[in-house]
Amino acid sequence: MIFVLLLAALIVGFIISLQKGVFRNAANCHVCGVQLTGTEQNWVGYKNDLCLCNKCLDRINPLIKTYATQTWNYQDYINYINWDESSKEMRKQYKPNYSYGDNLSIDTEHNLFCVGDRYTDYYMIFNFSEIDDFEMNFRPEEIKEGIINDKLIGSEFVRVDLLTPKIHVEETLKENVKLKLKTTGFFKKEYDFQFTDEFLDILRVFSICLNIESQRRYGNYQQTGADIDEVQKALALFMFDSLDDVSKESLKKQRNALIKAFHPDNNESNETYSQKINAAYDLLYSMVYGNNQNMN
Ligand SMILES: [Zn+2]
């Protein structure tokens, strides 16, 4: 009997010591070198060559901490810290002139945008030139298969990805949003959402900023000093969703169609209207092909 009790006590003791980390090797923070005790819960990316003390862990923005602790290695952490240091200037400059809900705002003058709520710790400011991937979309709470229903409830979100430093941030923009389905069918699994005008507006501003940056990055874009509002108006006039729709052919086709379809109810003179069309044409052309091109 005593033997059984002793054995049980040994087993329990062994399990407790395992949990307390007695048998785990002593470790040091990979960044500052401070020794971590066995019971510390600040292991990060343990399988990914990264181990941090609480102080070094706290330098990671709370908005991306979960993602960082799951996927970063040592070099990713260093890249992030360097980026974070250099982005302090962006935070000072930031003056948004567009916003959507609490979790997305854009500063078109400095080419910056903010994901998250600026009045908490949970926000990050990025330059459009840094973006490697992004998505702004609607996520339905549920889609009842087989039920024909033209209204959906869900949330709008934004996702931003950078490759260096490795950052993935995803924020809800609005919850409990009701959207109409453009088309739906009994067996149709693809849903075409009809977004609200407000959402489309912010998406358009975001796309234009990104578009300008990607063209700048790939050398196609020439500095026009264009106002985002002007570009938006020109796109709307030509009924384009984004600058991706702009080509020499599509521009010409749309310009001709607009001039032909001049509406008699319009109070402006024919001349003013065609001037507007031509100005929009020139602006969109210069956004995509630069200023010094043959516009014929
Ligand atoms: Zn440390």
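Here are some short exercises, with worked solutions, on a predicted model of a protein chain.

**Exercise 1. Take stock of the chain.** Find how many helices and strands the protein chain has, and what share of its residues is buried.

*Solution.* Start with the secondary structure: the protein chain has 9 helices and 10 strands. Next, turn to burial. The chain holds 296 residues, and 22% of them are buried. Finally, look at the contacts with a separation of 6 or more: 49% of these join residues 24 or more positions apart.

**Exercise 2. Lay out an open sheet.** Work out the strand order of the open sheet of 4 strands, and decide which strands lie at its edges.

*Solution.* Read across the sheet and you get the order 3-4-5-6, with antiparallel pairing. Now look for strands that pair on one side only: these are strand 3 (98–100) and strand 6 (123–127), the edge strands. From one strand to the next, the twist averages 15°.

**Exercise 3. Follow the two hairpins.** Trace the chain from strand 3 through strand 4 to strand 5, and find the residue with a positive phi in each turn.

*Solution.* Step one is the hairpin of strand 3 and strand 4. These strands run antiparallel and are joined by 3 bridges, and Y100 stands opposite L104. Between the two strands lie 3 residues, and in this turn G101 has a positive phi of about 60°.

Step two is the hairpin of strand 4 (residues 104–107) and strand 5 (residues 112–116), whose antiparallel pairing extends over 4 bridges. L104 has V115 as its bridge partner in strand 5, while D107 stands opposite L112. Here 4 residues separate the strands, and N111 in the turn has a positive phi of about 65°.

Step three is to check the faces of strand 4. L104 and I106 are buried on one side, and S105 and D107 are buried on the other, which leaves both faces covered.

**Exercise 4. Go from the sheet to the core.** Identify the residues that touch the most other members of the largest nonpolar core, then list the contacts of V115.

*Solution.* The largest nonpolar core has 53 residues, and those touching the most other members are V115, M124, F126, V169, C209 and L284. Helix 6 (residues 197–217) supplies the largest share of this core, with 7 residues. Now pick out V115, the bridge partner of L104. Leaving aside residues up to four places away in sequence, V115 touches N103, L104, Y123, M124, V158, V160, V169 and E171. Two of the names in this list, M124 and V169, are also among the residues that touch the most other core members.

**Exercise 5. Find the buried face of two helices.** For helix 7 and helix 8, list the buried residues and explain why they line one face.

*Solution.* Begin with helix 7 (residues 228–237), where V231, A234 and L235 are buried. Viewed down the axis of helix 7, these residues fall within an arc of 100°, so they line one face. Just after helix 7, M239 takes a positive phi of about 60°.

Move on to helix 8 (residues 248–260). Its 13 residues reach 19 Å from the first C-alpha to the last, close to the 18 Å expected at 1.5 Å a residue. The buried residues of helix 8 are L251, Q254 and L258. Down the axis of helix 8 they fall within an arc of 75°, and therefore line one face of the helix. To finish, check the other side of helix 8: there E249, K253, N256, A257 and K260 are exposed.

Conventions:
Residues are numbered from 1 along each chain as its sequence is written. This is a predicted model: local features need pLDDT of at least 70, side-chain atom pairs count only at pLDDT 80 or more; totals for chains, interfaces and linings use all residues. Two strands pair if DSSP finds at least two bridges between them. Axes are lines fitted to C-alpha atoms, for helices over the stretch in contact, and angles run from 0 to 180 degrees between N-to-C directions. A nonpolar core is a set of buried Ala, Val, Leu, Ile, Met, Phe, Trp, Tyr and Cys residues joined through C-beta atoms within 7 Å. A residue is buried if 20 or more other C-beta atoms lie within 10 Å of its own, exposed if 12 or fewer, and partly exposed in between; C-beta atoms are placed from the backbone. Two residues are in contact if their C-beta atoms, placed from the backbone, lie within 7 Å. The expected span of a helix is 1.5 Å times one less than its number of residues. The arc is that of the directions from the helix axis to the C-beta atoms.
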